[in-house]
Amino acid sequence: MKILITSKSLFVFVILMFISMKIHSLQFEVLSGRTKCIAEDIKSHSMTVGKYHIVNPNEPHPLPDTHKVTLRVTSTHGNTFHYADNVHEGHFAFETTEAGDYMACFYAADHKPPVTMTINFDWKSGVAAKDWTNVAKKGSVDLMELELKKMYEHVQSIHDEMFYLREREEEMQELNRSTNSKMAWMTGLSICVCLSVAGLQLWHLKTFFEKKKLI
């Protein structure tokens with residue numbers, strides 16, 4: 001089977017490839033006694049990997065004992081997928097079982113005087129979490145086959161992401177319909193109550209005036 005790739009098609013594939021990637025590589029500071037959390041929206045049954053380490057402020061000297069953090073990675077429902085206590089560095093890898101926001105919270109133990117630590121955190125999910133170098137070595141494929149496989153995986157990831165967004169959109173539409181239905185019911189009930197109160201007021205006034213022989 002022959003596969004023809006034009007420059008335009010290749011350009012589209014490359015754009016899709018970059019769009020489908022979910023990569024978080026960042027540096028941030030955590031003050032001792034404080035907690036800093038990073039959130040990532042990940043769909044279910046996706047691979048996610050993360051690496052983190054504390055940047056040594058006194059190279060080439062060893063990292064001070066005060067520079068340690070505790071990390072907990074939890075799902076949107078509070079389930080813990082990774083926990084490390086008082087470490088200089090570490091990594092995690094797991095397959096998600098539920099869709100939603102996953103939270104990586106770094107906590108630095110309290111010290112006197114306070115210490116500020118710089119953390120380097122690399123978090124990848126979906127297609128970006130796959131080690132394509134090992135895939136190439138294990139599969140003994142050439143460069144073109146590897147690129148095509150990567151493009152296919154990225155397109156598949158976009159396809160899954162679109163269905164995931166469609167499901168979220170349907171949930172939002174269902175919520176809107178339910179809210180509109182409740183609002184319509186509440187509006188009808190409010191109108192009935194107002195009409196009932198107005199009718200009672202008219203009846204009361206008519207009775208009052210009749211007793212006073214004003215009408």
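In this predicted model, ring pairs join Phe28, Tyr52, Phe81, Phe92, Phe94, Tyr102, Phe106, Phe121 and Trp123 into a cluster. A search of the whole structure gives 10 aromatic pairs. One of them is formed by Phe81 and Phe94, which are stacked, with 4.7 Å from centre to centre and 20° between the planes. Phe81 belongs to strand β5 (residues 80-87) and Phe94 to strand β6 (residues 89-95), so this pair ties together parts that are 13 residues apart in sequence. The two partners can also be described by their accessibility: Phe81 is partly exposed at 27%, while Phe94 is buried at 9%.

**The nonpolar core**

The largest nonpolar core has 22 residues, and Tyr52, Phe92, Phe106, Phe121 and Trp123 touch the most other members. Two or more residues come from each of β1 (22-31), β2, β3 (47-54), β4 (69-74), β5, β6, β7 and β8 (116-125). The five residues with the most contacts in the core are also named in the aromatic cluster.

**Strand β4 and its partners**

Strand β4 is mostly covered, with 5 of its 6 residues buried. Which strands pair with β4? One is β5, antiparallel to β4 over 5 bridges. Another is β7, which also runs antiparallel to β4 and is joined to it by 6 bridges.

Arg72 has a partner in each of these strands. In β5, Arg72 stands opposite Tyr83, and in β7 its bridge partner is Cys105. The hairpin of β4 and β5 has 5 residues between the strands, and there Gly78 takes a positive phi near 90°.

**The disulfide and the other cysteines**

A disulfide is a covalent bond between the sulfur atoms of two cysteines. The structure holds 1 disulfide. Its partners are Cys37 and Cys105, with 2.1 Å from S to S. The link of Cys37 and Cys105 is right-handed, with 110° about the S-S bond. Because Cys37 is in strand β2 (residues 35-42) and Cys105 in strand β7 (residues 100-108), the bond ties together parts that lie 68 residues apart in sequence. Cys105 is thus both a disulfide partner and the residue bridged to Arg72 of the β4 and β7 pairing.

Why does Cys192 form no bond with Cys194? The sulfur of Cys194 is the closest cysteine sulfur to that of Cys192, but it is 9.4 Å away, which is too far for a bond. A disulfide requires the two sulfur atoms to be within 2.5 Å. Cys194 is likewise in no disulfide, with the sulfur of Cys192 as its nearest cysteine sulfur. The relative accessible areas of three cysteines are listed below.

| Residue | Relative accessible area | Class |
|---|---|---|
| Cys37 | 37% | partly exposed |
| Cys192 | 47% | partly exposed |
| Cys194 | 53% | exposed |

**Charged side chains**

Side chains of opposite charge can pair when their charged atoms come close. The count of salt bridges is 2. In one, the side chains of Lys43 and Glu161 meet at 3.4 Å, N to O. This pair links distant parts of the chain, since Lys43 is in the loop between β2 and β3 and Glu161 is in helix α3 (residues 143-211), 118 residues apart. Lys43 is buried, with a relative accessible area of 13%.

The side chains of Glu174 and Arg177 also meet in a salt bridge, at 2.9 Å from N to O. Both of these residues lie in helix α3, where they are 3 residues apart, about one turn of the helix. Glu174 is partly exposed, with 44% relative accessibility.

A further contact involves a charge and a ring. The charged end of Arg166 sits over the ring of Phe163, 5.1 Å from the ring centre.

**The loop between β7 and β8**

Where is Pro113 placed? Pro113 is in the loop between β7 and β8. Is this residue buried or exposed? Pro113 counts as exposed, at 62% relative accessibility. Pro113 and Ser32 are 81 residues apart in sequence, and their C-alpha atoms are 9.0 Å apart in space.

Conventions
Residues are numbered from 1 along each chain as its sequence is written. This is a predicted model: local features need pLDDT of at least 70, side-chain atom pairs count only at pLDDT 80 or more; totals for chains, interfaces and linings use all residues. Side-chain values use heavy atoms; hydrogens and water are left out. Helices (H or I, at least four residues) and strands (E, at least two) are DSSP runs, numbered from the N terminus. Buried means under 20% relative accessible area, exposed over 50%, partly exposed in between (1.4 Å probe, protein chains only). Rings of Phe, Tyr and Trp (its six-membered ring) pair if their centres lie within 6.5 Å; planes under 30 degrees apart count as stacked, over 60 as edge-to-face and the rest as tilted. A charge sits over a ring if NZ of Lys or CZ of Arg is within 6 Å of the ring centre and within 35 degrees of the ring normal. A nonpolar core is a set of buried Ala, Val, Leu, Ile, Met, Phe, Trp, Tyr and Cys residues joined through side-chain atoms within 4.5 Å. Two strands pair if DSSP finds at least two bridges between them. A salt bridge is a side-chain nitrogen of Lys or Arg within 4 Å of a carboxyl oxygen of Asp or Glu.
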